[in-house]
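User: Please examine the structure below and answer a series of questions about it.

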Amino acid sequence: MNLPVIIKFVIDLVAVLLLALGIKGLSKVKSARDANRLAALAMSLSVVGLLFYYLGTSGIAIQSWIWIIIGSILGSLFGAILAKKVPMTSMPETVALFNGCGGMSSLLVALGVAIFPISGGQENFDFFKSLINEVSISVSIFVGAITFTGSIVAMAKLQGWLSTPGWTQSKVRHFVNIVFAVASLIAFFDLINGNTSSIWLLVIVSSFLGIGVTLPIGGADMPVVISLLNSYSGIAAAAAGFVVDSQLLIVAGAMVGAAGLILTQVMCKGMNRSLVSVLFGGSLSAQSTTSSGSGEYTNITSCSVEECALTLEAANKVIIVPGYGLAVAQAQHTLREVTKKLEQNGIEVVYAIHPVAGRMPGHMNVLLAEADVPYEQLKEMDVVNPDFPATDVVLVLGANDVVNPQAKNDSSSPLYGMPVLDVQEARTVFVIKRGMSAGYSGIKNDLFDLPNTSMVFGDAKKVLNDLIGELKDLGVGEK
Amino acid sequence: MSFISLLWVLLLGSLLGLELIGKVPPTLHTPLMSGANAISGITMLAALTLIVKAEGNVPLLIIGSVSLGFALFNVVGGFFVTDRMLAMFSRKPSNKK
C-alpha cells in the first residue's frame, strides 16, 4: 500500500462515519441542521479523497479534468438555483426531481461501463468476476431506470401535469406491469449470457416499469412513493458501487436504501396504509366510492365569515388544524396574520399537526415555520388530542380525512383505525372548505354533520383574508 | 476488494441504515427524506471514476460528465433544500413577547 491508497482509505472511513452521524442527526430536531451540513461535508470529503487517490496513482488527464469541471459546474449550478428558488409548497415534487436525477446518474454510470469496459478496472479478469460485474451493471440499470422514470412521473403528478389515467385503476395495469417485469428479467438473463445489445431492452422496459408502477398511485400516497423511490436510489448507488468497485458507494447506498425503507414504513403507519396497498391498491378514492361512506349529508350548517369572526373574538382557546388545502392555497402567511390578531387579543392559539398534514409528512411544520409560527405552538396529534374538550373554537383549514370521527367510531369505514384529531370534542368547529367534496379517501366526513360544526365555504386564502377584515372591524388585535 | 468482502460491506451498511433511524418525529420526515436523498447522489464518485478511467474515450467522457452533472444536481440541490427547510425550524420565535 502506498500513501495515496492509505490516505483515501482513511478519508473514506471518516466519510462513512460522518454520513452515518449525519443520517442519525437528521432524525432529531435539535441536531438536524448541523447533521445535514455534516453529511454535505462528508460528501465533499469523499470527492477530495477520490481525486487525491487518482492524482497520486494513475494521474488525471487534462481532458478528464475538463469533463469533470463541465459536469460539476452545470450540475451544481442548476441544483443550487432550483434549491434556492423553489417555493416551500413545492417541496414534494422537488425532492422527487432530485431523487430521479440520482437514479439517472447510477443508470448512466452502469451504461457507460457496459458499453465501454473500463481498462484497468478488472485486473485478474475471470468468469466469476465478469458475472458479478454484469449482474451489478444490470441491477444498477434496472433500479436506476425505475427510480428515474418513477420519480419524474411522481413529480409530474404532484405538479398537476399528469393526472391518473382511468385504465391504470383497472386490473389491466397489473398485467401491463407484469409484462414489463418479465421483459426486464429476460433482458437481464440475456445480458448475463453475454448478449450486450439487450442492455437497451433492459433500459427501455425498466423505464416503462417505473412509469407503470407509479402512474396508478394517487396524490395522497405520493409521499410514500417518493420515500420508497429514495430508498431505491440508494440501492442503485450501492449497485453502482459494485460496478466501479467502491466500498464507500456501497456503504452509503446501502445506508440510504435501508434508512429510506424504514422511513417509508414510518410514513405508511402515519397514514394507516400498508405499503402493499399503496403500491398495488391503486388510488384510494377509486376503490372506496363503491364501498361505504358515500352517503349524503343531512345536517350541514353553513355560516358566514362574520359569524366565524364573532365566535373567534369571544374564544379563550383556539386550535387551528391546517391541512393539504391550506398548503395548496399557499395561505400559511395569511393564517399567521389571523392568529397574530387573536394572540394580541389574549386568545391562546395552538396548531394541531396531524402526522401526515400537508403534502408530505412534516411538510406542514415546514410551511408554518416559514410563515414565522413559533415552533412551540405546533402540537403533535397525541399531545393536542386531550386538549380539544377544553377548546372553544377549532378552525379546520383544508383538512378532511384527518378530522373524520368515522376513523374512531365506524368499524366498517375504510378509514377505521387511522389516527385522527378529535376536533368534534371542542365547543365549536369551523371547517373552511371550498365545497362539499370528499377528501382523498372519497369518504363522507361525519364531522360536517355534527351540530357543533359550521362550514365556511370558500378558498382558504380568501376566507382568511375576509376574516382578517372582520376581525379588524371588531377591533381585535388593536391596541 | 474481493466480491465477498464487498458483500459484507453491503450487509453491514444496510444494517447500519436500519439502525440509524429508529424514532423520527413526523416533523422531520420531509427534511430527512430530502437529506437522505442528497446522500444517494454519492454515485457522483462512480461518475468521477468513469471520467478518470475513460482515457480519452470521448463518448465515455461525455456519459461520465452527464452522469456527474445529474449526481451533483441531486447532491447540491438536495443539501441546499434540506438546509432551507431546517433553517426554518431553528429560526427564533420572533413574534413571542
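**Questions on the two-chain model**

Analyst: Leaving aside neighbours within four places in sequence, A:Met255 is in contact (C-beta atoms, placed from the backbone, within 7 Å) with A:Leu19, A:Ala20, A:Ile23, B:Gly13, B:Leu16, B:Gly17 and B:Leu20. This is a predicted model, in which local features need pLDDT of at least 70, side-chain atom pairs count only at pLDDT 80 or more, and totals for chains, interfaces and linings use all residues. Residues are numbered from 1 along each chain as its sequence is written, while chains are lettered from A and ligands numbered from 1 in the order in which they are written.

User: Which residues have the most contacts inside the largest nonpolar core?

Analyst: A nonpolar core is a set of buried Ala, Val, Leu, Ile, Met, Phe, Trp, Tyr and Cys residues joined through C-beta atoms within 7 Å. A residue is buried if 20 or more other C-beta atoms lie within 10 Å of its own, exposed if 12 or fewer, and partly exposed in between. The largest such core has 191 residues, and those with the most contacts inside it are A:Met255, A:Val321 and A:Val396.

User: Which helix gives the largest share of this core?

Analyst: Helices (H or I, at least four residues) and strands (E, at least two) are DSSP runs, numbered from the N terminus. With 17 residues, the largest share of the core comes from helix α4 (residues 58-90) of chain B.

User: Which element gives the largest share of the side of chain B that touches chain A?

Analyst: The contact takes 82 residues from chain B and 104 residues from chain A. On the side of chain B, the elements giving two or more residues are α1 (3-20), α2 (29-39), α3 (44-52) and α4 of chain B. The largest share, 31 residues, comes from α4(B).

User: What surrounds B:Ala47, and how far is B:Gly69 from it in space, C-alpha to C-alpha?

Analyst: B:Ala47 lies in helix α3 of chain B and is buried, with 32 other C-beta atoms within 10 Å. Not counting residues up to four places away in sequence, B:Ala47 touches A:Ser105, A:Val109, B:Gly64, B:Ser67, B:Leu68 and B:Ala71. B:Gly69 is 22 residues from B:Ala47 in sequence, and the C-alpha to C-alpha distance is 8.9 Å.

User: How much of residues 59-81 of chain B is helix?

Analyst: An unreviewed UniProt entry lists residues 33-52 and 59-81 of chain B as "transmembrane region"; such positions are given in the numbering used here, feature names are shortened, and annotations may be inferred rather than shown by experiment. Over residues 33-52 the chain is 80% helix and 0% strand. Over residues 59-81 the end C-alpha atoms are 32 Å apart, strand is 0% and helix is 100%.

User: How many residues of α8(A) are buried?

Analyst: The expected span of a helix is 1.5 Å times one less than its number of residues. For the 23 residues of helix α8 (residues 222-244) of chain A this gives 33 Å, which agrees with end C-alpha atoms 33 Å apart. The helix is mostly covered, the number buried being 23 of 23.

User: Where in chain A is confidence lowest?

Analyst: The mean pLDDT (the predictor's confidence in each residue, from 0 to 100) of chain A is 83, and 90% of its residues reach 70 or more. Over residues 284-294 of chain A the pLDDT is below 50. Where pLDDT is low, the predicted coordinates should not be read in detail. By element, confidence is highest in helix α3 (residues 62-85) of chain A, at a mean of 92, and lowest, at 44, in helix α11 (residues 284-288) of chain A.

Definitions and conventions
Contact = placed C-beta atoms within 7 Å.
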